[in-house]
Structure formats: C-alpha cells, structure tokens
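Please open the structure in your viewer and display the backbone as a cartoon. The tour below proceeds by selections, each followed by a description of what is found there.

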Amino acid sequence: MSFVQFSKISLAFGDRDILKDASINLHKGSKAALTGANGAGKSTLIKVMAGLVKADSGERIAEKGARISYLPQSGLVHSGCTLMEEADKAFEYGYEWQRQIDALGDRMKADPDKSGQLAVEQAELLSKLDESGWYRRASLAEQVLLGLGFSREDFAKRTEEFSGGWQMRIALAKSLMAEPDILLLDEPTNYLDIEARNWLEGFLSDFQGGFLLVSHDRYFLDHTVNEVYELFGGQLRRYPGNFSHYEAVRSQELETLTAEYKKQQDEIAHLEEFINRFGYKATKAAQAQERQKMLDKLLANKIEIPENLKKIHFSFPAAPHSGQLVLTIQGLCKSYGGPAVINGLDIVVERGERLVVAGRNGAGKSTLLRILAGEDPDYSGTVKLGTDVAVGYFCQDNAEKITGSETILERLESKAPLALIPKLRDMLGSFLFRGDDVFKSIDVLSGGEKSRIALLELLLRPVNLLILDEPTNHLDMHSKDVLLDALKDFGGTVVFVSHDRGFIEELATRVLELHPGRHRVFPGDYKYYMERLESEAAGEIPLPAAASKAGPASEKPVVAATSDASASGKEAWEKRKQEEAERRKIEKEVARLEKLIGEAEAKKGELEASLSLPEVYSNGEKAKDVQKKIAALEEELDRLNASWEDAAEKL
C-alpha cells in the first residue's frame with residue numbers, strides 16, 4: 001500500500017514555531033482535510049510534505065516509488081504549447097517508464113546472459129504502466145479538462161491565452177491526470193465554479209489514492225473527506241469524521257477551552273494588579289516577586305483560542321423600507337455583438353427574497369448583475385426598481401476603486417455609521433484583518449485584501465437591495481459564516497452569485513438559472529433546484545422543450561410562467577417538503593449525537609489532563625478511578641460514533 005508518513009516534524013521561522021512535533025500518515029484511501037486559521041502554517045505543512053520545504057527536525061518516510069502530486073494555491077503559469085499538449089505533460093511518468101522499458105529491451109539484446117533478470121524488471125514496469133492508465137491518457141485528459149470547465153474548442157488553444165484562474169485549473173487538471181498515489185491540494189476550489197467543484201467532488205470520491213486538501217468550502221469538505229487535521233499553535237491534531245462532525249466536536253471542546261481561558265485571564269489580571277500595586281514596596285517585595293514567578297508561569301502556558309473558531313456576529317444597518325416589488329425585469333436582452341447572452345428575461349423580485357443566479361461560466365450571471373446594479377446601460381428591455389429601493393453592489397472590480405494612503409481602520413471609521421464604530425475592530429477581524437493589520441496603509445494591500453475592504457464598506461451602508469457577485473471570494477470559512485449570518489438577518493432583499501454551494505444552500509430562497517440566450521426560474525431553495533436537475537438528468541421529470549436541446553439564441557426563453565414547468569415544479573416542491581420533514585428529524589438526531597460526542601470528548605480530555613495532577617498520580621486509587629472513567633467514556637464514544645455514522649449515512 002502506497003503511503004507517506006511524517007513523524008514529529010518541527011519547523012520554526014525565527015522565534016515562531018510553525019510546526020511542533022507534527023505527525024501525519026497518508027496512505028491509499030486517505031481522504032483528509034487540513035484546517036486552521038489563516039497564517040497557522042497550513043501551506044507550509046503541505047510544502048514540507050511535498051518535499052519543497054525542509055523541516056528542522058522529524059522524519060519523512062515514503063514507500064519506494066510512491067508518486068506525490070502537489071498543487072499550490074496560486075502562481076502557476078503555462079505557456080509555449082496548446083492546452084492538450086500541456087495536459088499530456090502530466091503523463092511524463094509513463095513516458096519515463098516507457099524509456100526504461102525500451103532501455104531494458106536494448107540491454108537484453110546486448111547481454112543475453114542477463115535477459116532473464118532484465119525481463120522480470122521489464123515485465124514489472126509494463127505492468128505498472130498498464131495499471132496506471134497511461135494507455136488511456138487521451139480519454140482521461142479529455143474527461144478531466146471537460147469536468148473542470150474547459151470546452152473542446154479550448155483543447156487547441158495556446159496556454160498563454162488563458163487567464164490566471166484558468167491557469168490554475170490547468171495545473172489542477174495535470175495534478176489529477178498524473179494519477180498519483182498521494183494528492184496534496186492547497187485550495188483547489190479557489191478558481192472553480194460550482195459545476196467544476198461538483199465534478200471535482202465526484203472525482204475525489206472515486207480517487208483510489210490518498211489525498212490531503214485545504215479548502216474554505218464546507219460543503220465540498222463534507223462530501224469529500226472522512227478525517228480532519230487541525231493545525232493550531234504549531235501542533236497538529238486529528239479528528240475522525242467529516243468537516244461538520246469536526247466542527248461539532250471542536251465546538252464542545254471550545255466551550256471548555258473558553259471557560260479555562262476566562263479563568264486564566266482573571267488570574268493574570270489579579271496577579272498583574274498585585275505586582276503593580278506592591279512591586280515597589282519593600283514590605284511586599286518578596287510577595288510581589290513570588291507573584292511575578294506565578295505570572296511568568298501562566299504567561300508561558302497561556303491558553304489561546306483558535307481564530308477560526310471564534311464566533312463573531314454583526315448586523316447590517318437597518319434596511320430602509322421599500323415597496324413589495326423590489327425589481328421588475330421585462331424582456332431583458334443583452335449581447336456583445338454576437339448571439340444574445342441574455343434573451344427575453346422576465347422576472348419579478350419581491351421584498352425579502354434571496355435570489356441566487358446560477359449557471360455555468362459564460363452564461364451571463366455577472367453581466368446580469370451589472371445591469372441590475374446600473375453599471376451597464378447597454379441592453380434592451382426594462383429593469384425597474386421598486387419604490388424607495390436603495391442598491392448596494394459588490395463585485396471583484398470594486399477592489400480597483402480602493403486607493404489612498406490612510407489606514408484600513410481610518411478608512412472604515414470615516415464610512416461607518418456612528419453606532420457601528422465600536423464594533424469595527426471585531427468586524428475587521430472577522431474579515432481577516434486582525435491585530436496590527438488594521439493599521440496597514442490602503443495602498444499596500446493586495447487585490448484580495450482590497451476586495452474584502454470593499455465588501456465590508458458595502459455592508460456598512462444602509463441599503464435595502466444587495467447585489468453581490470461572488471462575495472465569498474477571498475474569505476475563509478469563519479468569515480463566510482459571519483457574512484452568511486449577517487445576510488440571513490438582513491432586512492432587505494439579496495440577489496447574488498456564488499460558487500460556494502453551502503453558502504447558497506443556506507441563503508437562497510429562489511433560483512434563476514441562466515444559459516446563453518435562455519433561462520428558467522425555480523421556486524424553493526437551492527437544494528430543491530439541484531434535486532430537480534438530478535431528476536431531469538435521470539429522466540424522472542421531463543425537460544421543458546426549449547431546455548432539452550441547445551437551441552439558437554433566438555429560441556423562446558424558458559421562464560417560470562411556462563405551465564408544464566410550473567406545475568411539475570410545484571408537485572416536486574410539495575414532495576420535497578415531505579422529504580425535508582423526515583430529513584429534519586434525522587438532522588436533529590445527528591445534532592443530538594454530535595453534542596453528546598463533543599461533551600464526551602471534552603470530559604475525556606479533562607480526565608486525561610487530571611492524570612498529570614500530583615494529587616491524582618500520587619494516589620493509586622484516584623488514578624485507577626480516573627482511568628476507569630476514561631475507559632468507560634471511550635466505550636461510550638465508540639457507541640455514539642457508530643450511531644452518528646448510521647444517522648449521517650441516512651442523510
């Protein structure tokens with residue numbers, strides 16, 4: 001079995017420990033996620049595993065011949081050949097084996113006496129080549145490239161013609177096509193739309209090797225991994241189960257940790273107060289020195305709470321009141337000189353709706369949002385805002401408008417309502433500007449940082465219609481949760497595009513699906529939409545006539561008013577409501593079990609910690625009693641985890 005094992009890996013940058021005795025074992029079938037706050041060292045750990053960064057100490061053991069494929073977050077650029085020629089480079093291992101096979105054949109001819117031994121070596125290589133899928137490389141390349149969103153027309157394009165995001169898709173495709181034993185993927189979903197993410201999810205589910213990945217997409221992680229490694233303070237800890245299970249267990253642990261943190265902070269404050277009051281009095285000098293020793297010991301073992309687990313909540317300024325009809329769109333058409341991108345769009349958006357615009361890249365999603373926001377007046381048809389509607393628009397281009405020499409905090413203070421100024425530090429922290437980051441000058445920020453500032457500025461304005469194009473880009477999972485909670489509580493209307501399926505499922509109340517030149521509107525949330533598409537693909541629900549084939553742009557668009565689509569949609573929606581009731585029962589049971597597991601894990605941790613106390617380990621009876629309780633909890637955890645797996649399987 002192919003494996004890569006890292007034992008007690010340590011690495012420091014200056015006086016900061018990035019990794020401290022970190023151990024991890026990846027083998028065939030490993031489906032693991034690596035999580036931790038921004039800056040915790042996740043990318044560094046993956047680079048150590050890929051052999052690109054040398055650790056200060058520790059041991060790396062890999063099975064002989066094990067192939068490891070590594071994908072960084074960004075920075076890869078391809079040029080000098082066509083897309084298909086670049087893809088073929090992923091199969092270099094096969095070409096190398098073929099060269100070795102040919103060389104062995106030449107040696108057998110030159111030295112017949114050794115032909116028996118050489119023939120065995122050649123046969124082994126031929127077997128490896130056959131099992132690797134190298135002979136199927138053309139069809140594999142086509143399958144992977146199409147799955148990641150490339151078209152057949154792209155195959156003959158020069159690689160330098162592709163933008164940065166597509167360059168990273170090329171790199172991801174090559175990593176997957178190499179069919180390695182171990183995949184190391186650092187933010188592979190960053191540049192993927194939701195269709196490509198769904199495809200990658202399926203690929204990894206069927207992948208026969210092992211993988212470790214970093215991602216801020218909770219839905220993607222929940223459907224691809226069965227173990228989570230958390231990196232915090234340089235230490236690596238493993239949690240079995242999917243990502244939601246990890247979060248539930250970690251939440252319970254965090255309650256205990258938070259209580260201990262508050263207790264320690266009170267003790268530190270008490271000691272500091274005593275030292276400050278009596279440190280200079282001769283009569284109290286000895287006591288002050290003793291307190292200082294106690295304080296130093298506490299500070300040396302200071303409890304820290306992971307940033308990615310801190311819960312921060314903020315609310316938008318109150319949304320001004322608007323009419324019931326927020327947006328009325330009639331006969332909207334848009335083209336760029338060729339076939340219509342949007343053709344005859346009719347839709348009404350009412351107050352309080354959260355409308356997600358779905359569709360593949362190039363379907364016109366961003367184009368539509370620009371039109372709705374008033375940024376693109378070059379269209380036919382009508383777009384009418386309702387009474388007293390105030391629009392707030394966010395897109396990635398907003399970052400280009402963020403300029404100046406003021407600090408981040410100064411800029412936000414100048415734009416925030418008075419009531420929100422005291423909360424700005426927390427809000428900035430939730431958008432990944434922590435500590436001294438808030439004093440950075442605007443003109444030194446990266447594009448991603450400016451994009452987060454642009455989003456935060458928008459959230460500070462009192463509007464009642466938010467138009468958001470990929471608001472979760474450049475946000476980690478914790479920041480997405482903060483944004484999601486704020487949008488759920490928002491008193492206005494939201495029209496948005498996102499590639500984060502979990503974010504969409506939590507927020508959307510209706511779906512507008514765009515295809516070049518046509519569209520459909522689906523009642524209900526995103527789960528219903530996806531189930532409807534699956535039913536159509538399986539032939540359980542017939543496709544509307546205009547959606548069943550790729551017709552010309554002039555074809556009459558499919559809209560919600562189409563009687564067949566509307567009727568079948570309502571029937572499916574009613575059926576889904578019944579299924580959802582049953583699902584909610586199971587979800588409650590899963591949540592109950594996760595709570596019990598978290599409580600048991602926390603209690604077990606407390607008992608294990610108590611074994612190091614002198615009053616316990618020096619007393620045989622007490623120590624034995626604690627060990628019995630730990631053993632009982634381990635049995636209980638085995639039972640609870642088995643029950644959780646059964647319930648989770650039903651979901």
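Two strands count as paired if DSSP finds at least two bridges between them. The model is a predicted one, and the tour starts with a pair of strands that meets this criterion.

**The six-stranded sheet**

Select residues 182–186, which are strand E6, and residues 210–214, which are strand E7; the two run parallel and are joined by five bridges. Within this pair, display Leu184, which stands opposite Leu212 of E7. Strands of a sheet pair through backbone hydrogen bonds, either parallel or antiparallel.

Now extend the selection to the whole sheet. It is open and consists of six strands in the order E5-E6-E7-E3-E8-E9, with mixed pairing. At its edges lie strand E5 (68–71) and strand E9, each of which pairs on one side only. From one strand to the next, the twist averages 15 degrees.

Next, select helix H1, residues 42–50. H1 packs on this sheet and touches strand E3 (31–35) as well as E5, E6, E7, E8 and E9. The direction of H1 makes about 150 degrees with that of E6. Helix H6 also packs on the sheet, where it touches E5 and E6, and its direction makes about 165 degrees with that of E5.

**The hairpin of E8 and E9**

Move to residues 227–232 (strand E8) and 235–240 (strand E9). These strands pair in the antiparallel sense over six bridges. Pick Glu230 and look across to E9: its bridge partner there is Arg237. Then centre the view on the connection, where two residues lie between the strands. What sign does phi take at Gly233? The phi of Gly233 is positive, near 60 degrees.

**The three-stranded sheet**

Select residues 3–13 for strand E1, together with strand E2; the two pair in the antiparallel sense over eight bridges. Gln5 is a useful residue to label, with Asn25 of E2 as its bridge partner. Adding strand E4 completes an open sheet of three strands in the order E2-E1-E4, with antiparallel pairing. The edge strands are E2 (16–27) and E4 (57–62), each paired on one side only. Neighbouring strands of this sheet are turned by 15 degrees against each other on average, direction ignored.

Bring helix H1 back into view. H1 packs on this sheet, touching E1, E2 and E4, and its direction makes about 130 degrees with that of E1.

**The helix pair H5 and H6**

Select residues 137–147 (helix H5) and residues 164–177 (helix H6). Their axes are 10 Å apart, and the helices pack at an angle of about 140 degrees. Angles over 145 degrees count as roughly antiparallel and those from 65 to 115 as roughly perpendicular; H5 and H6 are therefore oblique to each other. The crossing of H5 past H6 is right-handed.

Show the side chains at this contact: Leu140, Ala141, Val144 and Leu145 on H5, and Ala173, Leu176 and Met177 on H6. Which class do these residues belong to? The contact has seven nonpolar residues, with no polar and no charged ones.

**Gln122 in helix H4**

Finally, select Gln122, located in helix H4 (residues 115–132). Is Gln122 buried or exposed? Its relative accessible area is 17%, below the 20% limit, so Gln122 counts as buried. Display its surroundings as well: leaving aside residues up to four places away in sequence, Gln122 touches Ile101, Leu104, Gly105 and Met108.

Technical notes
Residues numbered from 1 in each chain as written. Predicted model: local features only at pLDDT ≥ 70, side-chain atom pairs only at ≥ 80, totals over all residues. Heavy atoms only, no water. Axes fitted to C-alpha atoms, helices over the stretch in contact; angles between N-to-C directions. Helix = DSSP H or I, 4+ residues; strand = E, 2+ residues; numbered from the N terminus. Parallel < 35°, antiparallel > 145°, perpendicular 65-115°, else oblique. Left-handed = near helix turned anticlockwise from the far one by under 90°. Contact = heavy atoms within 4.5 Å. Nonpolar A, V, L, I, M, F, W, Y, C, P; charged D, E, K, R; others polar. Buried < 20%, exposed > 50% of the residue type's maximum accessible area, 1.4 Å probe, protein only.
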